[in-house]
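Biologist: I should like to understand how the descriptive terms for a protein model are justified. Please take me through the reasoning step by step.

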Amino acid sequence: MAEAETALDTIAEQPWLQPIADPLSTAVHQAYESAGDAGRQIKNAVHGVWLGHPLHPVLTDLPLGAWATALVFDAAEGATGDRVCARAADLAVGIGVAGAVGAAVTGLTDWSETDGRAKRLGLVHGLLNLSATSLYVTSLAMRRNGERDAGRAYGLAGFVLACTAAYLGGGLVYRERIGVTHADEGGPKEFTRALASSDLPDNDKRLGDADGTPVMVARQHGALCALAHHCSHLGGPLSEGTLKAGSIVCPWHGSEFSLRDGHVINGPATHPQPCFDVRERAGAVEVRVQRPAE
């Protein structure tokens, strides 16, 4: 276990990966931005805003499952020479390749909105998946040309690389916390002072502290709204973001949340931002964990 963690740390700290990652990430951003509003909508869909969590892990199951199925049928074909097993293996390889394209598009889009260690580790994860897919494309071509032994060998090599990439993907989720919410959870159960009313002018926002819970409090047209301070995407400080009409934009990666209920308006965030009940009393802005309307 310690050796595996050391390997992940070694990959994540490789300095030569950054000069590759940065231009590629910029190119992904520019590709979506060049399409204007349509590009923004497509990007939101690819991130999985509509789904409520990242779309990428949903699609990664398709190539891994299909290629695992192909491995079983390849073994059966090698042992028996059964042509039905051969056709089933080829079909599974093709389905896996098609699924890998979708996983690559969603993964690349999500990866472009990461930084530091996660960006470097994610780059290696993506390169391994690209290599695995290339091996399977070669495998499929060989199978169709009648070179079935070589095709099966390329498929086995591709499966090993895909599993290695999947392990790195697990490191991105469970160690780097990519794709999980970074928003502050919990908070005071009863109304608790977050900041003085005089510290929050109209059409502005401030960072408040409610008994140790950081809260982004905004006042627009006299109405108060309060959201968890750290962005659900990667923990950016919402109090330093851009206040728009009815929404707040994270300063780190541009995720936009509704001030009214915290739902995601624009990604890369896919998890909604926790909201607080908020009131003004005795010269103070008070918040508590949101409850159903009483």
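Modeller: The discussion below sets computed values against the definitions behind each term. Please note that this is a predicted model.

Biologist: What makes the protein more spread out than a compact globule?

Modeller: The radius of gyration is 24 Å, whereas the globule rule gives 19 Å for 294 residues. The value is well over that of the rule, so the protein is described as more spread out than a compact globule. Along its principal axes, the C-alpha trace spans about 85 × 40 × 35 Å.

Biologist: Which elements of secondary structure are present, and how many of each?

Modeller: The protein has seven helices and 10 strands.

Biologist: What share of the residues is buried, and what share of the contacts joins residues 24 or more positions apart?

Modeller: Buried residues account for 47% of the 294 residues. Among contacts with a separation of 6 or more, 58% are between residues 24 or more positions apart. The accessible surface comes to about 14200 Å², and carbon and sulfur atoms provide 60% of that area.

Biologist: How do you know that Cys-225 is in no disulfide?

Modeller: A disulfide requires two cysteine sulfur atoms within 2.5 Å. The nearest cysteine sulfur to that of Cys-225 belongs to Cys-275 and is 8.1 Å away, so the pair does not meet the cut-off. Cys-275 is likewise in no disulfide, its nearest cysteine sulfur being that of Cys-225. A search of the whole structure finds zero disulfides.

Biologist: Why are Cys-225 and Cys-275 called buried?

Modeller: The term applies under 20% relative accessible area. Cys-225 has 18% relative accessibility and therefore counts as buried. Cys-275 has 11%, so the term applies to Cys-275 as well.

Biologist: What makes Glu-13 and Arg-117 a salt bridge?

Modeller: The definition asks for a side-chain nitrogen of Lys or Arg within 4 Å of a carboxyl oxygen of Asp or Glu. The closest N and O atoms of Glu-13 and Arg-117 are 2.9 Å apart, so the pair satisfies the rule. Glu-13 lies in the loop between helix H1 (2–12) and helix H2 (18–33), and Arg-117 lies in helix H6 (residues 116–144), so the pair ties together parts that are 104 residues apart in sequence. By this rule the count comes to 19 salt bridges.

Biologist: Why are Glu-13 and Arg-117 called partly exposed?

Modeller: Partly exposed refers to values between the 20% limit for buried and the 50% limit for exposed. Glu-13 has a relative accessible area of 45%, so the term fits. Arg-117, with 24%, therefore also falls in this class.

Biologist: With which other residue does Arg-117 form a salt bridge?

Modeller: The side chain of Arg-117 also meets that of Glu-176, at 2.8 Å from N to O. This pair links distant parts of the chain, 59 residues apart: Arg-117 is in helix H6, while Glu-176 is in the loop between helix H7 (148–174) and strand S1 (192–196). Glu-176 has 18% relative accessibility and so counts as buried.

Biologist: What makes the pair of Trp-67 and Tyr-136 stacked?

Modeller: Two rings pair if their centres lie within 6.5 Å, and planes under 30 degrees apart count as stacked. For Trp-67 and Tyr-136 the centres are 4.1 Å apart and the angle between the planes is 10 degrees, so both conditions are met. Trp-67 is in helix H4 (residues 56–80) and Tyr-136 is in helix H6, 69 residues apart. The structure holds one aromatic pair. Trp-67 counts as buried because its relative accessibility is 3%. Tyr-136 is also buried, with 2%.

Biologist: Is Gly-171 buried or exposed, and which residues does Gly-171 touch?

Modeller: Gly-171 has 5% relative accessibility and therefore counts as buried. Gly-171 is found in helix H7. Leaving aside residues up to four places away in sequence, Gly-171 touches Leu-8, Leu-121 and Glu-176. Gly-171 and Gly-283 are 47 Å apart in space, C-alpha to C-alpha, and 112 residues apart in sequence.

Note on methods. Residues are numbered from 1 along each chain as its sequence is written. This is a predicted model: local features need pLDDT of at least 70, side-chain atom pairs count only at pLDDT 80 or more; totals for chains, interfaces and linings use all residues. Side-chain values use heavy atoms; hydrogens and water are left out. Buried means under 20% relative accessible area, exposed over 50%, partly exposed in between (1.4 Å probe, protein chains only). Helices (H or I, at least four residues) and strands (E, at least two) are DSSP runs, numbered from the N terminus. The radius of gyration is taken over C-alpha atoms; the globule rule is 2.2 Å times the number of residues to the power 0.38. Contact means heavy atoms within 4.5 Å. Accessible areas come from the Shrake-Rupley method with a 1.4 Å probe; for residues, only the protein chains shown count as cover. Rings of Phe, Tyr and Trp (its six-membered ring) pair if their centres lie within 6.5 Å; planes under 30 degrees apart count as stacked, over 60 as edge-to-face and the rest as tilted.
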